[in-house]
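Student: Hey, can we walk through this one together? I'd like to start at the surface and work inwards.
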Amino acid sequence: MRILGIETSCDETAVAVVENGVTVRSSIIASSKATFEALAGVIPEQAARAQVECMIPVLHQAVQEAKLTLFDIDAIAVTKGPGLLGSLLVGTVTARMLQSITGKPLIGVHHTLGHLSSTWLEVTDEPQFPLLTLSASGGHTDLWYRESHLRGILAGRTRDDAAGEAFDKGASMLGLPYPGGPEIAKEAVGGNPLAFAFPLPLRGEETLDYSFSGLKTSLRYTIRDAGYDLDTPIPASVRKDLAASYQHALCAHLVDRISYALEGFPDTQEVHVVGGVSANTELRAMLALVLEKKSPSLILRAPKKLAYCTDNAAMIAAAGYFLWLEQHEKAYEAFATQASLPLAETLMQISLRTRGE
Ligand code: KG4
Ligand code: ZN
């Protein structure tokens with residue numbers, strides 16, 4: 001089953017062709033991020049205009065690299081939300097146009113379900129359920145306990161900012177460009193992660209939720225109390241230590257809740273990290289250490305390529321495949337456990353905050 005995926009929820013224009021949810025035949029991503037580097041975020045109108053301009057060339061390249069024609073595609077999957085309205089429209093209108101030209105089925109995919117499916121891309125050994133997935137990006141931070149691709153429980157979510165947002169806003173305070181996650185990670189190399197102390201949010205509380213706003217405020221006060229402002233810029237070596245310490249604190253909070261979740265879900269076979277923040281090497285290293293200590297048999301997975309951590313269309317095509325399978329397995333579904341919630345429906349019920357809101 002070959003699915004053409006389209007993703008345009010933020011500033012990327014991405015099209016991919018994926019076979020059976022796993023084999024990536026092509027994955028093309030054009031981004032207008034560079035336009036927003038000097039700002040603290042994306043300007044929606046500008047992002048959508050850039051997407052209108054590059055959608056057709058990106059689509060053309062994705063189909064060509066897959067060595068197919070549009071008529072060899074079995075279905076079209078497109079991100080239906082959440083995201084920036086104008087940007088989403090560029091993707092969904094393109095998908096509808098392709099549907100009417102080819103007559104192939106159209107599958108609407110929740111953006112987060114796309115991220116949750118990204119750890120299947122290019123795998124050779126299939127992940128085993130039940131598993132815990134931390135999905136952390138610029139728009140959401142969720143912890144899922146999943147019994148299958150589309151069934152699971154939203155065990156925890158952020159109460160305020162998303163983890164990626166905390167990276168982005170922290171970077172802006174440190175005078176680093178947007179997007180802040182990769183910039184903080186780069187700046188942190190060689191810095192001392194213990195130079196500045198930050199609190200561990202929700203420590204000791206019986207919750208799997210996240211909260212990042214306190215850490216963000218704490219960074220602001222740390223900079224202020226050290227005497228730095230617009231007139232007194234942060235010296236390079238101090239900025240390195242601040243970036244390393246702040247990154248360490250954000251990752252420690254992400255890992256701390258996963259560690260606690262494993263106590264509540266002892267049958268967990270694997271832990272997955274997805275979304276833009278899963279590209280962070282400090283996060284992966286910290287999590288690997290904690291899992292090794294908890295239980296060496298636990299498998300840790302992140303998307304195979306960094307390009308599958310941040311927004312991409314291959315993950316949307318993969319999720320589209322799992323949704324399509326579900327439809328075709330309704331008879332089997334009747335026997336499935338009633339204990340868990342249908343993931344796709346839960347995702348649609350919760351209104352995830354999107355960047356810029
Ligand atoms: O998943 P994504 O591409 O878009 C959304 O759905 O939001 O995630 C983008 C977010 C941004 O906030 C960015 O700063 C963060 O992911 N990010 C990172 C890294 N790479 C991207 N955060 C920490 N470390 C990274 N290496
Ligand atoms: Zn995303």
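Tutor: Sure. Patches are made of residues with over 30% relative accessible area and no salt bridge, with like charges joined within 9 Å and nonpolar side chains (Val, Leu, Ile, Met, Phe, Trp, Tyr) within 5 Å. The areas come from the Shrake-Rupley method with a 1.4 Å probe, and for residues only the protein chains shown count as cover. A salt bridge here is a side-chain nitrogen of Lys or Arg within 4 Å of a carboxyl oxygen of Asp or Glu.

Student: Any ground rules on the model itself?
Tutor: This is a predicted model, where local features need pLDDT of at least 70 and side-chain atom pairs count only at pLDDT 80 or more, while totals for chains, interfaces and linings use all residues. Residues are numbered from 1 along each chain as its sequence is written, chains are lettered from A and ligands numbered from 1 in the order in which they are written, and side-chain values use heavy atoms, with hydrogens and water left out.

Student: OK, which residues form a nonpolar patch on the surface?
Tutor: Ile56, Phe71, Met97 and Ile101 do, and together they have about 380 Å² of accessible area. Met97 sits in helix α2, residues 85-102; helices (H or I, at least four residues) and strands (E, at least two) are DSSP runs numbered from the N terminus.

Student: And why does methionine 97 count as it does for exposure?
Tutor: Its relative accessibility is 34%, so methionine 97 counts as partly exposed. The scale is under 20% for buried, over 50% for exposed and partly exposed in between, with a 1.4 Å probe and protein chains only.

Student: Switching to the metal: what are the protein donors of the zinc ion?
Tutor: For ligand 2 they are His111 (NE2), His115 (NE2) and Asp311 (OD), at 2.0 to 2.1 Å. Donors are N, O and S atoms within 2.8 Å of the metal (3.2 Å for Na, K and Ca), and water is not among the atoms, so sites may look incomplete. Along the chain the spacing of the donors reads H-x3-H-x195-D.

Student: Where do histidine 115 and aspartate 311 sit?
Tutor: Histidine 115 is in helix α3 (residues 111-117) and aspartate 311 is in the loop between β10 (299-301) and α9 (314-328), so this pair links distant parts of the chain, 196 residues apart. Both histidine 115 and aspartate 311 are buried.

Student: How many aromatic pairs are there?
Tutor: The whole structure has 7. Rings of Phe, Tyr and Trp (its six-membered ring) pair if their centres lie within 6.5 Å; planes under 30 degrees apart count as stacked, over 60 as edge-to-face and the rest as tilted. One of them is tryptophan 120 with phenylalanine 129, stacked at 5.6 Å centre to centre with 20° between the planes. Tryptophan 120 is buried because its relative accessibility is 1%, while phenylalanine 129, at 23%, is partly exposed.

Student: Why is the pair of tyrosine 321 and tryptophan 324 called what it is?
Tutor: Their ring centres are 6.4 Å apart and the planes meet at 20°, so that pair is stacked. Tyrosine 321 and tryptophan 324 are 3 residues apart in helix α9, which means about one helical turn separates them. Both belong to one aromatic cluster with Trp120, Phe129 and Phe322.

Student: What about the largest nonpolar core, which residues touch the most other members?
Tutor: Leu134, Phe212, Ile223, Tyr246 and Leu254, out of 46 residues. A core is a set of buried Ala, Val, Leu, Ile, Met, Phe, Trp, Tyr and Cys residues joined through side-chain atoms within 4.5 Å. The biggest contributor to this core is α7, with 13 residues.

Student: Last topic: how many salt bridges?
Tutor: The structure holds 15. Among them, arginine 49 and glutamate 45 meet at 2.7 Å, N to O. Those two are 4 residues apart in helix α1 (residues 44-65), so about one helical turn separates them.

Student: Got one that spans more sequence?
Tutor: Aspartate 125 and arginine 301 form a salt bridge at 3.2 Å, N to O. Aspartate 125 lies in the loop between α3 and β6 and arginine 301 in strand β10, so the pair ties together parts 176 residues apart in sequence. Aspartate 125 is partly exposed at 41%, whereas arginine 301 is buried at 10%.
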